Amino acid sequence: MSKTGALDLATGLGGKIDKSDVLSAVDRYEKYHEFHGGQEQGRKDNYTDMVNKYYDLVTSFYEFGWGESFHFAPRWKNESLRESIKRHEHFLALQLGIKPGYKVLDVGCGIGGPLREIARFSSSSVTGLNNNEYQITRGKELNRLAGVDQTCDFVKADFMKMPFPDNFYDAVYAIEATCHAPDAFGCYREIYRVLKPGQYFAAYEWCMTDGFDPQNKDHQKIKAEIEIGDGLPDIRLTTQCIEALEKAGFEVIWDKDLAKDSPLPWYLPLDKTHFSFSSFRLTAVGRLITKNMVKALEYVGLAPKGSQRVQDFLEKAAEGLVEGGRREIFTPLFFFLARKPLDG
Ligand SMILES: C[S@@+](CC[C@H](N)C(=O)[O-])C[C@H]1O[C@@H](n2cnc3c(N)ncnc32)[C@H](O)[C@@H]1O
């Protein structure tokens, strides 16, 4: 069972950071970002610290609001958010042609929601690679509860330097994770190395679209809100991802921004004008209630000092994401399927 109660939220806040250090960790995290005087190069040079602090600080909020899978999805009318998230995971498994017995790698696996779903959907073994200790602890517990702990596991490592031999995996996927890489080519090149020749890599990337104008002040603000709210060094253009894949040696089979023909917008759960009982905690009202609850928990000492500040930058993220989605300058649904050539 996912941790979904208010007390679960409070006890998980700060992840592996000592509770007394949460406030200073929030300070240090914020200083990496433009709104607090930080710069892109600083985030890239210190990506491990920046991203790990981010996930220690936010994982409990994510689990409380989203459940076990931390990603968006295109959505049909009359489809619940939960259903759309699972369908989006199944789509990846189908695109990759995952077969029973395949050894699959999930790059940047969170607490393993997609990993468990894909392993059960395709009867494969999935290894989750993640550099965040707290998320791995949660993931192992959830794997055990789901009964997939004999076939699926976690490895704590950086996806820029993976501890796996060459030509090892039958399929590799990444869901809204490689956007944290300081350099897309370096990350894709590692994925290429560990994938068997002739096999496939598929991903959902967070990207700025062709509609993004780097000189436009509003666009810059939206991008900076998403970066601080989501622990990102620099959001790349879709075209930069394709170039990096090709440079790494992949043959790109097809790519598409799945936001383009989604019947319901992917950002709907976070949109202030939208209300939903089934994803209530993500709505503006739900977020306001969580904000007040966190304030109270921090006041009585059940949540560490600094927790409200985390909630604040997550709110900034929600605003940037909705605005970026509405203006079609940002997408979290840039899909690609790429193949490592047989002679690669
Ligand atoms: C938005 S979460 C997505 C998690 C998961 N794919 C899902 O959909 O539930 C991004 C994940 O990437 C992981 N990550 C970020 N940078 C990483 C790195 N350098 N090496 C390994 N994992 C990383 C984070 O710890 C986090 O688990």
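## Exercises on a predicted model

N78 sits in the loop that runs between helix 4 (47–66) and helix 5 (81–96). The coordinates belong to a predicted model, and the exercises below are to be read with that in mind.

**Exercise 1. Backbone and exposure in two loops**

Determine what sign phi has at N78 and at E328, and decide whether each residue is buried or exposed.

*Solution.* Begin with the general expectation: most residues other than glycine have a negative phi. Phi of N78 is near 65°, which is a positive value in a residue that is not glycine. For the surroundings of N78, the relative accessibility is 82%, and N78 therefore counts as exposed, the cut-off being over 50%. Turn next to E328, which is found in the loop between helix 12 and strand 7. E328 is not a glycine either, and has a positive phi of about 60°. At 59% relative accessibility, E328 also counts as exposed.

**Exercise 2. Two helix pairs**

Classify the packing of helix 9 against helix 12 and of helix 8 against helix 10, and give the handedness of each crossing.

*Solution.* Two quantities are needed, because two packed helices are described by the angle between their axes and the distance between the axes. For helix 9 (residues 217–230) and helix 12 (residues 307–326), the axes come within 7 Å and cross at roughly 140°. Only angles over 145 degrees count as roughly antiparallel, so helix 9 and helix 12 are oblique to each other. The crossing in which helix 9 passes helix 12 is left-handed.

For the second pair, helix 8 (residues 184–194) and helix 10 (residues 238–248) pack at an angle of about 45°, and their axes are 8 Å apart. That angle makes helix 8 oblique to helix 10. The crossing of helix 8 and helix 10 is right-handed.

**Exercise 3. Salt bridges along and across the chain**

For the salt bridges R309–D27, K44–E40 and E323–R326, work out which elements hold the partners and how far apart the partners lie in sequence.

*Solution.* A search of the whole structure finds 28 salt bridges, and the three pairs are taken in turn. In the pair of R309 and D27, the closest N and O atoms are 2.9 Å apart. R309 belongs to helix 12 and D27 to helix 2 (residues 22–31), so this pair ties together parts that are 282 residues apart in sequence. Both partners are partly exposed, R309 at 27% relative accessibility and D27 with a relative accessible area of 32%.

The side chains of K44 and E40 meet at 2.8 Å, N to O. Because these partners are 4 residues apart in helix 3 (residues 40–45), about one helical turn separates K44 and E40. E40 counts as partly exposed, at 30% relative accessibility.

In the third pair, E323 and R326 have their closest N and O atoms 3.3 Å apart. As they are 3 residues apart in helix 12, E323 and R326 are likewise separated by about one helical turn. E323 is partly exposed at 26% relative accessibility, and R326 is partly exposed at 40%. Elsewhere, salt bridges with shared partners join E34, E40, R43, K44, K223, E227 and D234 into one network.

**Exercise 4. Sequence separation and spatial separation**

Compare the separation in sequence with the C-alpha separation for F330 and T209 and for F168 and R193, and place the two phenylalanines in their surroundings.

*Solution.* F330 lies in strand 7 (residues 330–339), and at 2% relative accessibility F330 counts as buried, the limit being under 20%. Although F330 and T209 are 121 residues apart in sequence, their C-alpha atoms are 5.5 Å apart in space. F168 is found in the loop between strand 3 (153–156) and strand 4 (169–175), and is partly exposed with a relative accessible area of 30%. F168 and R193 are 25 residues apart along the chain, and their C-alpha atoms are separated by 8.4 Å.

**Exercise 5. A nonpolar surface patch**

Identify which residues make the nonpolar surface patch, and locate Y299 within the fold.

*Solution.* The patch is made by L7, Y299, V300 and L302, and covers about 500 Å². Of these residues, Y299 is placed in helix 11 (residues 284–299). Y299 is exposed, having a relative accessible area of 74%.

Definitions and conventions:
Residues numbered from 1 in each chain as written. Predicted model: local features only at pLDDT ≥ 70, side-chain atom pairs only at ≥ 80, totals over all residues. Heavy atoms only, no water. Patch = residues over 30% accessible without salt bridge, like charges linked within 9 Å, V, L, I, M, F, W, Y side chains within 5 Å. Areas by Shrake-Rupley, 256 points an atom, 1.4 Å probe, with all protein chains shown as cover. Salt bridge = Lys/Arg side-chain N within 4 Å of Asp/Glu carboxyl O. Buried < 20%, exposed > 50% of the residue type's maximum accessible area, 1.4 Å probe, protein only. Axes fitted to C-alpha atoms, helices over the stretch in contact; angles between N-to-C directions. Parallel < 35°, antiparallel > 145°, perpendicular 65-115°, else oblique. Left-handed = near helix turned anticlockwise from the far one by under 90°.
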